[in-house]
Amino acid sequence: MSGTFPTTPKPKSSDLISEEKTVVSIAVSGKKQSRIIGGHMWTIKLTFPQMLRATFAPIFAFVAGQRGQSESFQIALEQFNTPQGVATGTPLVDGVHAVGDNTILCDAFTASTTDIMKAGDIVKFASHTKVYMLTADSDSVALGATTLNIVPPLIEALADNEAVTVSSVQFTVSLDNSVQEWKTTNPNFSSYSVDLVESF
């Protein structure tokens, strides 16, 4: 089915979880060694309040239409729709960036602006389905240039002048489980929670 996850009714809570697979070993001496063994992904948990069938049915119909984990779809998380930073202008990638880069030069933000973007804001590049999070505040200088420090490092290269989405960023996700349960209690109230995993 794919599509965009329904925006109403709103979940009572939505959790964004950063998952980075690592292996850690601690020697008898206490020395710690660690290494990353897999790629980064965001997972999302949505929990809905109890609601009547008519209110809940469109959500479950959308989920059922995804045919388990086979389809991917779009979702924007309300708490991240508006950046903490000023985030004005029409930002573009400045120059070419390789896989593994975690400092991304950009231009065409509003010029000479303090906190044009803030740590914890999320961004998406035009050629990517992956969503990235800023790890530091950034200010813009003349001509709207700034540097975005991101996590995880780029999983795909960036071309010069790619558009950068900084507001209402859409995550591309799929269901984290092929079994979905519609729970109903008397008098006909439904409750539901769903786990989503980034798909790219």
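These legends go with several close-up views of a predicted model.

**View 1. An open antiparallel sheet of 6 strands.**
Read across the sheet and the strands come in the order β4-β5-β8-β7-β6-β9, with antiparallel pairing. Who's at the edges? β4 (89-93) and β9 (164-165) are, and each has a single partner strand, so one side of each goes without a neighbour in the sheet.

**View 2. Zooming in on the β4 edge, where β4 meets β5.**
Strand β5 covers residues 103-109 and runs antiparallel to β4, with 3 bridges joining the two. To find your way around, look for leucine 92: its bridge partner in β5 is aspartate 107.

**View 3. Phenylalanine 56 and tyrosine 192, a tilted ring pair.**
The model has 11 aromatic pairs by the centre-distance rule, and here's one of them. The ring centres of phenylalanine 56 and tyrosine 192 sit 5.2 Å apart; the planes are at 55°, so this pair counts as tilted. It links distant parts of the chain, with phenylalanine 56 in helix α1 (residues 53-64) and tyrosine 192 in strand β12 (residues 189-198), 136 residues apart. How accessible are the two partners? Phenylalanine 56 is buried at a relative accessible area of 0%, and tyrosine 192 is buried too, at 4%.

**View 4. Phenylalanine 62 and phenylalanine 73, an edge-to-face pair.**
Here the centres are 5.2 Å apart and the planes stand at 90°, which makes the pair edge-to-face. Helix α1 provides phenylalanine 62, while phenylalanine 73 comes from strand β3 (residues 73-75), 11 residues away. Both of these phenylalanines are buried.

**View 5. The aromatic cluster.**
Step back a little and the rings from the last two views turn up together: ring pairs link Phe56, Tyr192, Phe62 and Phe73 into a cluster that also takes in Phe5, Phe48, Phe60 and Trp182.

**View 6. The largest nonpolar core, with 25 residues.**
Which residues have the most contacts inside this core? They are Phe5, Ile44, Leu46, Ile75, Phe171, Tyr192 and Leu196. At least two core residues come from each of β2 (32-52), α1, β3, β10 (171-175) and β12. Isoleucine 44 makes a handy centre for the view: leaving aside residues up to four places away in sequence, it touches Asp15, Leu16, Ile75, Leu77, Phe171, Val173, Val194, Asp195 and Leu196.

**View 7. A second, separate core.**
This one has 17 residues, among them Val123, Phe125, Tyr132 and Leu148. As background for both core views, nonpolar side chains tend to be buried together in soluble globular proteins.

Conventions:
Residues numbered from 1 in each chain as written. Predicted model: local features only at pLDDT ≥ 70, side-chain atom pairs only at ≥ 80, totals over all residues. Heavy atoms only, no water. Pairing = 2+ DSSP bridges. Helix = DSSP H or I, 4+ residues; strand = E, 2+ residues; numbered from the N terminus. Phe/Tyr/Trp six-rings, centres within 6.5 Å; stacked < 30°, edge-to-face > 60°. Buried < 20%, exposed > 50% of the residue type's maximum accessible area, 1.4 Å probe, protein only. Core = buried A, V, L, I, M, F, W, Y, C linked by side-chain atoms within 4.5 Å. Contact = heavy atoms within 4.5 Å.
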